[in-house]
Amino acid sequence: MINALTIDVEDNHRIVARNLLGQQGPPSEAVVANTNRLLEHLRNRGVRATFFVLGEVGATFPELVRTIVNDGHELGVHGFYHMEVFRLTPEQFRREIGDAKSLLEDLSGAAIQGHRAPTFSITPQTHWALDILAEVGFKYDSSIFPFQKSERYGWAGFPLGIHRMTLGNGRSIVEAPLPVVSFLRKRLPACGGGYLRHFPYWYTRWAMRRIQRERPAIAYLHPYDIDTGPTPDWLRTALAAAGNPAAFYLAYQRRNRHTVESKFVRLLGNFRFAPLIEVIERVLGATSGMGP
Ligand SMILES: [Zn+2]
């Protein structure tokens with residue numbers, strides 16, 4: 001079984017500053033350093049992946065986008081400013097994804113087919129976003145976590161496998177849901193982000209093996225998941241000045257980060273991966289109209 005490896009390229013510090021302090025500004029160099037470390041591991045192992053890149057990261061660091069594409073990886077869109085779908089009107093969402101798609105296509109010369117929403121924010125409440133994705137020209141989406149975590153995250157009962165959805169606007173789009181493992185009649189999230197960070201490696205390996213018996217697993221992580229450096233001074237000072245009790249949040253975000261890079265390398269050694277577009281083409285076949 002060939003699984004998909006997907007990486008959401010964003011600068012966590014900038015997103016924290018924006019969401020918690022309302023402070024605007026470009027992404028920091030940390031996103032470049034961390035992404036380059038992931039790229040190096042992939043190069044060493046000869047593995048190709050899908051990078052869902054934020055528009056603001058591409059606008060600030062165009063060279064990073066070119067490196068990703070030159071290394072043979074697939075480029076996708078992760079929105080422009082990491083605005084969750086539930087914060088946006090349909091017209092704002094159209095602008096977020098349209099602007100990011102045009103920018104990344106101009107920078108790379110590659111046609112972009114795939115999208116991942118920030119914090120998996122396509123849910124039963126925001127499924128209108130899929131219609132707009134199809135209208136803007138996306139061939140597939142990978143934003144739905146098929147289990148219920150909260151009202152703003154997850155979609156209980158959503159089908160687990162890659163499939164084509166017919167939309168209300170008469171169009172269709174392929175959805176590639178995030179990985180959950182079925183166990184004791186429950187759906188457990190696995191194989192990425194916080195689940196990779198908090199749980200020991202054996203959990204991820206167990207989940208990957210169990211999922212890939214039935215369908216490809218779509219693993220995911222962020223460049224900042226491997227960043228073990230301290231919270232930068234500018235952010236710590238700004239949070240303290242605002243009296244924001246985010247120290248706890250940042251500590252939680254950092255918990256176990258030192259384990260992620262070695263788990264990532266073990267994953268690359270233990271499982272086969274390809275860019276998500278190639279996995280989708282394998283599952284749906286040549287009739288899916290997913291080709292160039
Ligand atoms: Zn994200």
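**Entry 1: surface and overall form**

I looked up the accessible surface of the chain first and found about 12,600 Å², with 52% of it belonging to carbon and sulfur atoms. I note here that the model is a predicted one. Of the 292 residues, 55% count as buried.

I then asked how the radius of gyration compares with that of a compact globule. For 292 residues such a globule would have a value near 19 Å, and the chain has 18 Å, which agrees. Along the principal axes, the C-alpha atoms fill a box of roughly 55 × 45 × 40 Å.

**Entry 2: secondary structure, contacts and charges**

I recorded 12 helices and 11 strands in the chain. For contacts, I considered pairs of residues at least 6 apart in sequence; 76% of these contacts join residues at least 24 apart. I also looked up the charges: there are 34 positive and 27 negative ones, and their mean positions are 9 Å apart.

**Entry 3: the zinc ion**

Which protein atoms are the donors of the zinc ion? I found OE of E10, NE2 of H78 and NE2 of H82, lying 2.0 to 2.1 Å from the ion. The spacing of these donor residues in sequence is E-x67-H-x3-H. E10 sits in the loop between β1 (3-9) and α1 (12-21), while H82 sits in the loop between β3 (74-77) and α5 (90-108); the pair therefore ties together parts that are 72 residues apart in sequence. I checked the accessibility of these two residues and found both E10 and H82 buried.

**Entry 4: helix α1**

I went on to α1, the helix that follows the loop of E10. Seven of its 10 residues are buried, so α1 is largely enclosed by the rest of the structure. The buried residues are N12, H13, R14, I15, V16, A17 and R18. Just after α1, I noted that G22 has a positive phi of about 65 degrees.

**Entry 5: helix α6**

In α6 I listed A129, L130, D131, I132, L133 and A134 as buried. Against which elements do the buried residues of α6 pack? I found two kinds of partner: the helix α5, and the strands β4, β5 (140-141), β6 (163-166) and β7 (172-175). Just after α6, G137 takes a positive phi of about 110 degrees.

**Entry 6: positive phi outside glycine**

Most residues other than glycine have a negative phi, so I looked up residues that depart from this pattern. F120 has a positive phi near 50 degrees although it is not a glycine. F120 belongs to the loop between β4 (114-115) and α6 (128-136). L184 likewise has a positive phi, near 50 degrees, and is a residue other than glycine. L184 lies in the loop between β8 (180-183) and β9 (186-189).

Is F120 buried or exposed? Its relative accessibility is 6%, and buried means under 20%, so F120 counts as buried. For L184 I found a relative accessible area of 70%; exposed means over 50%, so L184 is exposed.

**Entry 7: I280**

Finally, I located I280 in helix α12, which covers residues 276-284. The relative accessibility of I280 is 0%, so I280 counts as buried. I also looked up the separation of I280 from G194: their C-alpha atoms are 25 Å apart, and the two residues are 86 residues apart along the chain.

Terms used
Residues numbered from 1 in each chain as written. Predicted model: local features only at pLDDT ≥ 70, side-chain atom pairs only at ≥ 80, totals over all residues. Heavy atoms only, no water. Helix = DSSP H or I, 4+ residues; strand = E, 2+ residues; numbered from the N terminus. Rg over C-alpha atoms; globule rule 2.2 N^0.38 Å. Buried < 20%, exposed > 50% of the residue type's maximum accessible area, 1.4 Å probe, protein only. Contact = heavy atoms within 4.5 Å. Areas by Shrake-Rupley, 256 points an atom, 1.4 Å probe, with all protein chains shown as cover. Lys, Arg positive; Asp, Glu negative; His and termini not counted. Charge placed at Lys NZ, Arg CZ, Asp CG, Glu CD. Donors = N, O, S within 2.8 Å, 3.2 Å for Na, K, Ca; no water.
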